[in-house]
Amino acid sequence: MCGIAGIARRHSTGPSSVETLGRMAAAIRHRGPDGYGFYVGQRVGFAHVRLSIVDIAAGSQPMTNEDGQIVITYNGEIYNHPELRHELEALGHVFRTRCDTEVLVHGYEQWGVNLLQRLNGQFAFAIYDRNNETVFIARDRFGVRPLFYAQPRDAFYFGSEIKAILASGEVDAGIDPRGMDEVFTFWAARAPRTPFAGIASLEPGTYGIWKDGALWLRRYYELDYPEANAEPDDVIERLDELMLRSVGMRLRADVPVGAYLSGGLDSSITASLAASASPHILRSFSITFDDPRFDESDFQREVASDVGSIHAITAIGPNSIADSFPDVLWHTETPLLRTAAVPMYHLAKLTRDSGIKVVLTGEGADELFLGYDLFKEVQVREFCLRRPGSAWRERLLDRLYPDLMTQSRGGEFWRRFFLDAGPQRDPLFSHLPRFLLGARIKDFYAPEFRAGIGGINVMAELRASLPARFFGWSSLNKAAYLEMTTLLASYLLSSQGDRMSMAHGIEGRFPFLDHRLYEFASSLPTGSKLRGLKEKEVLRRWAARILPARIKARTKQPYRAPDAPSFFGPASPKWIGDHLSGDAIRRVGIFSASAVEGLVRRCQAGRVTGYRENQAVIGILSTQLWHHHFIEKAINVAPLPPQGASVVLDDSMSVLT
Amino acid sequence: MQTTQTEIISRVRSFIQENFLYMHSDFQLADDDRLLEKGVMDSMSIVEMISFIENEFGVQAMEDEISEANFGSLTGIARYIGDKRGVLAS
């Protein structure tokens, strides 16, 4: 895994500045600590920082084809690159390396943009085609790897992270109030929107072609749910084949591949399959919490013992969240409503310190096989709304959320919250409780900021963006689609995924996000995935072959981390008070100083226990930090010098160093 | 000393304004406003408010009494406390 960045200009202004490219690369050096390189053309410049995993000796980038007309900078893994290589060699292409990068170069030569349909992997790349002066950018189907871009003054800037674009010194950092409003509704801005004005995120499954100052975007992969009426007879055999192939492909690397282990079903599956197929003794890594409400270490140890992995843990103590929060915000580049990214940051550090660069993780299974409580919630809410007032039906919510309903004394009110969230005819029905709860942080907006958002209603925009086929799907598949499109790429794979792992140069690989597995799962009857209130049913049936019974039967425990109280204790870092002071709140201007003052007072009194205020604390603190990191001051990094680069190319194909 | 319904409403309103409406200084909370529906409180806030009511008015809320009817509005709360204290006094 790596980091990429670049600039394309409409008119040639002389050679691209290697110093500018060096700053862009330096801003994302954490993504690729093993090396870096530049392409310095007349109109286009590319930078690359490398985390070497495949063909360690020969994989430096940027890379070109034989005559230097095709130049690529690429972040990711193409898992089927050996198969594509054979196909391309049969067509006459000659390869110089074993790298998947070179497969992309020759694949583009052979198939053009249609190359994308053939790729199985996680990737974001830019290809400069000097034959027709175009820059072709693309991102994988589910958005595992990030790619951002900006287009000021006819030029085109891109990067794996926004900080690379800002580090050019040629793109201004500003707030997009609408992007912020999406963060405070959906937990993250929906691509192409970001919290930054004028900086966009390339949507998953999309490519773009930039030419003469204009960018043309096109989607090459669409999510679909062609749900079958009945489960195929060979469902377990087909799932078995897909899982084994997916994990097998994701073990392809020239370095040992480890595994994250939460103790739940999904990561237990990936760890178990990896342990069986890996030529190395598997290294596994887990987060443990001092607070037993969040801790799953018993299950983690059981799985590690069962699969025979060498297991390591990182413990999240009372100060871990607050101490790391500023660094985490530097990497997420977006405000957060939860602290769950922070333990993932520590987990990646543990992994890196253990000498492992690549890990398999279980993300995606809950989206594909209806694992989240939200899907059960949809079933129960629909069931209740079919007979309003039925106390017996409403009690099903108690089974779903026992902590809320029976232990907090507010059960009746939570029931009303879920049941009154909105009508079934609303296309966002499944997600209304979450969106409405998340949006409560807007109570804290400063009036001027609220006015800046204008009449925009981000939920209405989401409704308007839904494809026509959405309205033909079952309510559970609608919910799955919304989960994939509002949360997976923009938050889970980003703030809790790519950004936290790449902060420490760790590449995450996601066997459940193999597109063939997705297509298989999305075609199954929803009853195969959520049967009654039993989630991931077909996956459990299959997993009985490989997992201990206690793990296979385990009900999903939502991954959570300690929230607001983490920031208000005797050892509370000074930055918290500084960023929440009235002056600081007024300077940033997004939240009301008097409202934040009231919130801080309640936090300090230990009275913040509800979701609304917990989310508000995290949202406000993270916004203040985000503003501090990116808006208040320029990204100031020393450029990576060309003298240290593994490769510096120019238009003459000269290798300058 | 007998506490009137008006006094109960006034004390609970002050508590809600201080603790849950501090971000909406201009919000006018009517006696019959549904606290959850109006977004004044969430369910955890209601739990906090019930603790306040128990301490402030010397009543003990049973689990099956924690309902929208009894705690969903200022009027409902005042009626509940009045009934409860009447029961206690008898």
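Here are a few friendly notes on the A–B contact and on one strand of chain A, all from a predicted model.

1. Let's start where the chains meet. Chain A puts 22 residues into the contact, and chain B puts in 18 residues. On the side of chain A that touches chain B, the elements giving two or more residues are helix 17 (411-419), helix 29 (593-604) and helix 30 (611-631) of chain A. Helix 17 of chain A supplies the largest share of that side, five residues.

2. What kinds of residues make up the side of chain A that touches chain B? There are eight charged residues, along with seven polar and seven nonpolar ones.

3. Now for strand 5 of chain A, residues 70-78. This strand is mostly covered, with nine of its nine residues buried. For each of these, that means 20 or more other C-beta atoms lie within 10 Å of its own.

4. Strand 5 of chain A pairs with strand 4 of chain A (residues 63-64) in the antiparallel sense, over two bridges. If you would like a spot to look at, T64(A) has V71(A) in strand 5 as its bridge partner. The hairpin made by these strands has five residues between them, and there G68(A) takes a positive phi near 75°.

5. Strand 5 of chain A also runs antiparallel to strand 6 of chain A (residues 121-129), and nine bridges join the two. Which residue of strand 6 stands opposite I72(A)? That is I127(A).

6. One general point to keep in mind while viewing these strands: in a regular strand, side chains alternate between the two faces of the sheet.

Key. Residues numbered from 1 in each chain as written. Chains lettered and ligands numbered in written order. Predicted model: local features only at pLDDT ≥ 70, side-chain atom pairs only at ≥ 80, totals over all residues. Contact = placed C-beta atoms within 7 Å. Helix = DSSP H or I, 4+ residues; strand = E, 2+ residues; numbered from the N terminus. Nonpolar A, V, L, I, M, F, W, Y, C, P; charged D, E, K, R; others polar. Buried ≥ 20, exposed ≤ 12 C-beta atoms within 10 Å, placed from the backbone. Pairing = 2+ DSSP bridges.
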